[in-house]
Amino acid sequence: MADLSLLTRLRAREDAMLAALEDLVMTETPSDDMARVGDGVKLVSAMVDQLLGERPETIESQGRQHLRLRGTGDRPVLLLCHLDTVWPAGTTQRWPFAVDGGRATGPGIFDMKAGLVQGLFAVSALAGRPDVTLLVTTDEEIGSPTGRALVEEEARRSCAVLVLEPSADGALKTVRKGISLYRLHIEGRAAHAGLEPERGVNALTELSHQVLRLADLADPGLGTTVTPTTATAGSTVNTVPATAEVSIDVRASAVAEQHRVHAALGSLAPVVDGSALRVTGAINRPPLEARASADLMALATRCASDLGLPQPASAAVGGASDGNFTAALGVPTLDGLGAVGDHAHGEGEYVLTSAMPERAALVATLIDHLLER
C-alpha cells in the first residue's frame with residue numbers, strides 16, 4: 001500500500017517545485033547552443049545537490065555535457081530525462097515563465113523541464129538514498145548523437161526505466177513509433193533554361209517523380225508513414241537544376257517495417273535519363289513496443305489507485321524519445337511520466353501545476369515498488 005502522506009507532502013511543496021521550474025525554464029537550453037546547455041547543466045547539478053544531497057557527475061562527450069547520479073546497487077531504477085529544448089535562444093525575452101489559472105507556461109516547460117523537476121522532487125520525497133540512477137542528457141531533441149550510448153549503458157544495468165517525458169493529455173506512453181531519417185540526393189546536369197534546356201538533366205523533375213514514389217512506401221494499415229519534409233533544388237531561375245534534395249521522415253511501429261522501408265529507399269531507381277540518386281541516413285530510433293511497457297503500466301495503475309489518484313490511461317504516439325533505445329534493449333520501459341499539459345514544441349506549451357505533485361508522487365511510488373521486488 002502506498003504511503004498516503006507522500007502525496008500530501010509533495011502537494012505542500014508545489015510552490016517549491018514551481019520556483020525550481022521557473023529557474024530551469026528561464027535558463028534557456030537550445031540543443032545546439034553548447035554554452036547555454038552548459039549553464040543549464042550547472043543549474044540542474046546544483047538542484048540535484050540541494051534536493052538529493054549529492055552532486056551528480058558531469059560527463060562530457062564531443063564537447064557536450066550530460067549529468068548522471070548513479071544508483072548504488074546492482075539493478076537500480078533509471079530515471080531518464082533530457083534538458084535540451086527546441087526553442088532558440090532569446091525566446092524567454094518575449095515569452096517568459098508565467099503561472100496563470102493553474103497553468104505554467106514557458107519555452108520547454110512541457111517538453112520536458114517540468115518532468116525533470118517532478119523527478120527530482122519524487123526522489124527527494126523517498127526515505128534514505130533510493131537505488132535510483134538519474135540521467136539527464138542534453139541532445140535528445142536532435143536525435144541523441146552523444147547521449148544514446150550513455151542511455152544504453154545505464155539501461156543495461158537497470159531493472160526498469162521511467163521516462164519523464166510529458167504525458168499525452170495525461171496518458172502514459174506505452175507505445176512509441178520508431179524513427180528513421182533520410183536525405184535523398186539527386187544529381188542531374190545544368191544547362192541554360194532558355195537557350196538549350198534539352199542539354200540539361202533536370203534534377204527537380206527527377207525529384208518530383210521520387211516524391212510521388214515515396215508515398216507508395218507508406219503502409220497506413222500498419223501505421224507506417226513516409227513523409228517528405230524539406231526540399232531544395234537548383235541554383236538560379238534560368239538554369240536547369242543540376243541538383244535536388246529532399247529530407248524523408250519515416251515512422252513505424254515495428255522494427256520489420258523500419259527495415260522494409262530502409263531497403264526500399266536503397267532500391268530507388270531514377271526515372272529521368274541521365275540522373276543519379278543517392279540516399280543517406282538510417283534508422284535513428286527503434287520503436288517502443290507494447291511488451292516493453294505492459295508490466296510497468298499495470299504497476300503504475302495500481303500505484304495511482306493506492307495514492308487515491310485517477311487511474312492513468314495509456315497511449316500510443318508517433319513521436320519517439322530516448323525510451324525507444326532502452327525498450328529495444330529489452331529493459332522494461334514506461335514513458336510519459338512527466339508533465340500533464342499540452343502543446344509540446346508549440347507556442348504556448350503549458351503544464352497543469354496541480355498535476356506536478358501528483359505525478360511526482362506516482363513516480364516516487366513506482367520507484368518504491370520496483371525496489372521492493
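**Strand pairing and salt bridges in a predicted model**

Q: In E5, which residue is the bridge partner of Ala 98?
A: The model considered here is predicted. Strand E4 covers residues 98-100, and three bridges join E4 to strand E5, residues 103-105, in an antiparallel run. In E5, the partner of Ala 98 is Thr 105.

Q: Which strands are the edge strands of the open sheet in the order E4-E5-E16-E15?
A: Strands of a sheet pair through backbone hydrogen bonds, either parallel or antiparallel. In this open sheet of four strands the pairing is antiparallel. Each edge strand pairs on one side only, and the edge strands are E4 and E15.

Q: How many residues apart are Glu 154 and Arg 68?
A: Glu 154 and Arg 68 form a salt bridge, with their closest N and O atoms 2.8 Å apart. Glu 154 lies in helix H6, whereas Arg 68 lies in strand E2. The pair therefore links distant parts of the chain, and the separation along the chain is 86 residues.

Q: Is Glu 152 buried or exposed?
A: The side chains of Glu 152 and Arg 148 meet in a salt bridge at 2.9 Å, N to O. Both residues lie in helix H6, about one turn of the helix apart. At 30% relative accessibility, Arg 148 counts as partly exposed. Buried means under 20%; Glu 152 has 14% relative accessibility, so this residue counts as buried.

Q: Is Arg 94 buried or exposed?
A: Arg 94, in helix H4, pairs with Glu 347, in the loop between E15 and strand E16. The closest N and O atoms of this salt bridge are 2.8 Å apart. Because its relative accessibility is 53%, Arg 94 counts as exposed.

Notes
Residues numbered from 1 in each chain as written. Predicted model: local features only at pLDDT ≥ 70, side-chain atom pairs only at ≥ 80, totals over all residues. Heavy atoms only, no water. Pairing = 2+ DSSP bridges. Helix = DSSP H or I, 4+ residues; strand = E, 2+ residues; numbered from the N terminus. Salt bridge = Lys/Arg side-chain N within 4 Å of Asp/Glu carboxyl O. Buried < 20%, exposed > 50% of the residue type's maximum accessible area, 1.4 Å probe, protein only.
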